[in-house]
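User: I am new to this structure and would like to go through some of its contacts. Please keep the answers short.

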Amino acid sequence: MSDRARRRATKSGSVKTKRIVFAAVGGLALVVVACAAWIGVRLVMSYGQVSAARSEAASVVATLTADPTTGAASVDRLRSLGARLDDAHGLTSDVVWRSAEFVPLLGDNLRAYRLTVDALAVAVGDGLAPVAADFSTLAASVSLSDRTVDVAALSGVSGDLHAAEGALARSGKSLADAESGALVPPLASGVREAGELVGDLHGTVSALSTAVDVLPGALGADGAKRYALLFNNNAELRTTGGIAGAISELTTDAGRFELGRQLVPDDLNPAEGAGIRVTPEEHALFGVQLGEYIQNVNLTPDFVRSGELTASHWQKSQGAALDGVVSIDTASVSRLLAATGPVTVGGRTIDAANANAVLLTDVYREIDDRDDQDAFFGELTRVMFDKLFSSGTPLVALVKQLGAVVDEGRISVWFADPALQSVTSGGKLGGPLAQLSDDGAPVGVFFADGTAGKMDGYLEGTVTATCSSGKDGRSIAATATLASTAPGDITSAPWVVTGPGGNGLPATGHIRTMVQFAATDSLRPVRIIVDGEEAGLVTRMIDGRPVVVAMVDLAPGQVAVLETEFTVLSQRTPTVDRVVATPTATSFEHYAERGTCG
């Protein structure tokens, strides 16, 4: 072949190659454009369905929240809503859409949108729609004025609620996964809103699921039950909120509940030297007084132990066994009064606005005698019980306020029956220590008064939790900042407010607080720093969890900062998104720097 022929052949081949490349690139471009158009069209169609569903969902949820008895009537609307979301999910789940999720930047957003639509479809179709009618059943099962609950009706909806709880948990997990990518702000905001909505629904259904598991047995479906109701006063702090200044007997039988005898601490406290023996670990942290007085059973953050001690005191002093113990704090009264309206106790009108001031301060300044104070709080318990369970109390408003009280950790429950105890032991109702979890709350900060007065109405502060990783390993720091807001003339207040002083107690007008730092068994305490100086580490294991204690005294206006550092054990990866703390009636901010300590 001549050189000219070769050049012609080479040029011809080059042209053909270019044509093939151009054709391939052009074809690929057409495919990309077609895919983009396909995804765009389906996104628009899907978004239309989601937008319509969002409007309908807001209406249905608002109706159910205002009146749960409409649940049965809402089923069809919820099914229609679920169908819309299923259609939207179908538009975002084909192979083209899923393949586009691998495209940088764009893919994260497409994936997040798909996961969000899928999560909402599951939340409505499998989480809310199947139990909407059960809301009506639950509402109808409670008669406040008769003080009865239809325990058979509760048992009948248990299966539905458990299934819905699982569906909402899966939905929440998907939404958390959807947040993980680099999302455009509007989508990120939408995912967060969806997560909050599903989270609220899951919390509600989970609480109802727990309630239907516990209430039949607790309310005497299989025989009469007796409980001690401890009314905790936040003016003198203990880990669950305050000392038990008033104690009531609560009885249940076949779904009916009644408030029985009103007792004061001296009705239960043993003779001097005859207290309940405490363990060596408890003795090292809390002293023998943990077992000597009913007011001190909640010095420990382990409410199981608090329940056992209360039951022992009751058995010894009253000659009867307890089936359980319920504690609720003073600050809960203001929330409950928001549902019931005001009450009158000892000639004083108490409402949601003034309850904390009256119960934490005024009573102690206006009533000098301790027996009269105990009588006042006993009467308060009786009046509140009658008000709560009367025909004039709106059930929905009461349930909402009770839910808020439980969420703040102001109610703790212990059951002698292991089957019932196992249901509540790992949640908000289980007490301070039970709320700790490697899944978000590995540390807690709890308080116990050491003033022997009612000075904690003047105690404010902040509790924080942060995790960090460095060359020395992984650690979590828990910090408590305490401030006394007591006025300069506090020493002129009655001794029952300031404490008697002397005999090892703080100076009159000072606030002494035992600060307890507790953690899950994934952590071990390394050091404690008080006002910038490292202090001796006093720590023991309580129910298999490390607890560190330190004592601080505050003069009026003084501030103290305590920080405990915990090291994270190998093979453990706790996460921090909240900090558990003693519920107070004063201003305490909670802050957690979110992160995974791994």
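User: Is D386 buried, partly exposed or exposed?

Analyst: This is a predicted model. Buried means under 20% relative accessible area and exposed means over 50%. D386 has a relative accessible area of 33%, so D386 is partly exposed.

User: Which residue forms a salt bridge with D386, the closest N and O atoms being 2.8 Å apart?

Analyst: D386 lies in helix α13 (residues 370–388), and its partner lies in the loop between β1 (142–143) and β2 (148–149), 239 residues apart. The partner is buried, with a relative accessible area of 14%. D386 and this partner also belong to a network of salt bridges that includes R256 and E258. The residue is R147.

User: Where in the chain is K454, which forms a salt bridge with E236?

Analyst: The closest N and O atoms of E236 and K454 are 2.7 Å apart. E236 is in the loop between β3 (225–233) and β4 (243–253), 218 residues from K454. K454 is buried, with a relative accessible area of 6%. K454 is in the loop between β11 (443–449) and β12 (459–470).

User: Are α11 and α14 roughly parallel or roughly antiparallel to each other?

Analyst: Helix α11 (residues 331–340) and helix α14 (residues 395–407) have axes 8 Å apart and pack at an angle of about 165 degrees. Angles over 145 degrees count as roughly antiparallel. Therefore α11 and α14 are roughly antiparallel.

User: How many residues of the contact of α11 with α14 are nonpolar?

Analyst: Among the residues that meet are L336 in α11 and L402 in α14. The contact also has 2 polar residues and 1 charged residue. The nonpolar residues number 8.

Note on methods:
Residues numbered from 1 in each chain as written. Predicted model: local features only at pLDDT ≥ 70, side-chain atom pairs only at ≥ 80, totals over all residues. Heavy atoms only, no water. Axes fitted to C-alpha atoms, helices over the stretch in contact; angles between N-to-C directions. Helix = DSSP H or I, 4+ residues; strand = E, 2+ residues; numbered from the N terminus. Parallel < 35°, antiparallel > 145°, perpendicular 65-115°, else oblique. Contact = heavy atoms within 4.5 Å. Nonpolar A, V, L, I, M, F, W, Y, C, P; charged D, E, K, R; others polar. Salt bridge = Lys/Arg side-chain N within 4 Å of Asp/Glu carboxyl O. Buried < 20%, exposed > 50% of the residue type's maximum accessible area, 1.4 Å probe, protein only.
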